[in-house]
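Trainee: Hello! I would like a close look at one part of this chain, with some of its surroundings added for context.

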Amino acid sequence: MDESQWDHIQEEIDPRFGEVLMYWTMDEFHQHERSNAWYVIFLLLGLGLILSAIIATNYVFAVLLVLIGTFMILQHFRDPENVPILVLTAGIS
């Protein structure tokens, strides 16, 4: 990292938190490679659980499964962002 980037980072930090000792970026999460078989298996498993929840009249569990499935689909199409990690004299940010 060159001196101008280091100065820019130090200027953005509130002085109450001290000086930047170290700085790096990393991915927000690791994106796993999954095969089509993985998706088919979990789709069938999820549909089976939803069907059993409806048969047992446990509608809250069925809705929860749909929400979890929706979250997993949305997470699949999202790329991880770079998250800045700062080690300051007052702690880690």
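Which residue just after α2 takes a positive phi? Please start there and work outwards.

Mentor: Happy to. Please keep in mind that this is a predicted model. The residue you are after is T57, which comes just after α2 and has a phi of about 55°. What makes T57 worth a look is that this positive value belongs to a residue other than glycine. T57 sits in the loop between α2 and α3. Its relative accessibility is 53%, so T57 counts as exposed, the cut-off being over 50%.

Now for the helix that leads up to this loop. α2 has 20 residues, and from its first C-alpha to its last it reaches 28 Å. That is close to the 28 Å expected at 1.5 Å a residue. Confidence is also on your side here: among the elements of the chain, α2 has the highest mean pLDDT, at 94. Helix α1, residues 3-12, has the lowest, with a mean of 64. Where pLDDT is low, it is best not to read the predicted coordinates in detail. For the chain as a whole, the average pLDDT is 83, and 80% of the residues score at least 70.

The helices on either side of the T57 loop also come together in a surface feature. A nonpolar patch is formed by I41, F42, L45, L49, F61, L64, I68, F71 and M72, with about 820 Å² of accessible area together. The elements that give two or more residues to this patch are α2, residues 36-55, and α3, residues 59-76. Of the contributors, α3 gives the most, with five residues. One patch member to pick out is M72, whose place is in helix α3. With a relative accessible area of 41%, M72 falls between the buried and exposed limits of 20% and 50%, and is therefore partly exposed.

If you follow α3 further along, you come to H76, which is found in that helix too. H76 counts as partly exposed, because its relative accessibility is 36%. Setting aside neighbours within four places in sequence, H76 is in contact with Q31 and Y39. There is another long-range pairing to note: the C-alpha atoms of H76 and E33 are separated by 9.8 Å, although the two residues are 43 apart along the chain.

To place all this in the wider fold, the chain has three helices and three strands, and read along the sequence they follow the pattern α-β-α-α-β-β. Among contacts between residues at least 6 apart in sequence, 67% join residues at least 24 apart. A pair of residues far apart in sequence is E19 and L86: they are 67 residues apart along the chain, and their C-alpha atoms are separated by 9.7 Å. E19 is found in the loop between α1 and β1, the strand of residues 20-27, and at 53% relative accessibility E19 counts as exposed.

Finally, the overall surface. Buried residues make up 13% of the 93 residues in the chain. The accessible surface comes to about 7600 Å², and 66% of that belongs to carbon and sulfur atoms. So that you have a place to return to in the viewer: start at T57, in the loop between α2 and α3, and then pick out the patch residues, from I41 to M72.

How values were computed:
Residues are numbered from 1 along each chain as its sequence is written. This is a predicted model: local features need pLDDT of at least 70, side-chain atom pairs count only at pLDDT 80 or more; totals for chains, interfaces and linings use all residues. Side-chain values use heavy atoms; hydrogens and water are left out. Patches are made of residues with over 30% relative accessible area and no salt bridge: like charges are joined within 9 Å, nonpolar side chains (Val, Leu, Ile, Met, Phe, Trp, Tyr) within 5 Å. Accessible areas come from the Shrake-Rupley method with a 1.4 Å probe; for residues, only the protein chains shown count as cover. A salt bridge is a side-chain nitrogen of Lys or Arg within 4 Å of a carboxyl oxygen of Asp or Glu. Helices (H or I, at least four residues) and strands (E, at least two) are DSSP runs, numbered from the N terminus. Buried means under 20% relative accessible area, exposed over 50%, partly exposed in between (1.4 Å probe, protein chains only). pLDDT is the predictor's confidence in each residue, from 0 to 100. The expected span of a helix is 1.5 Å times one less than its number of residues. Contact means heavy atoms within 4.5 Å.
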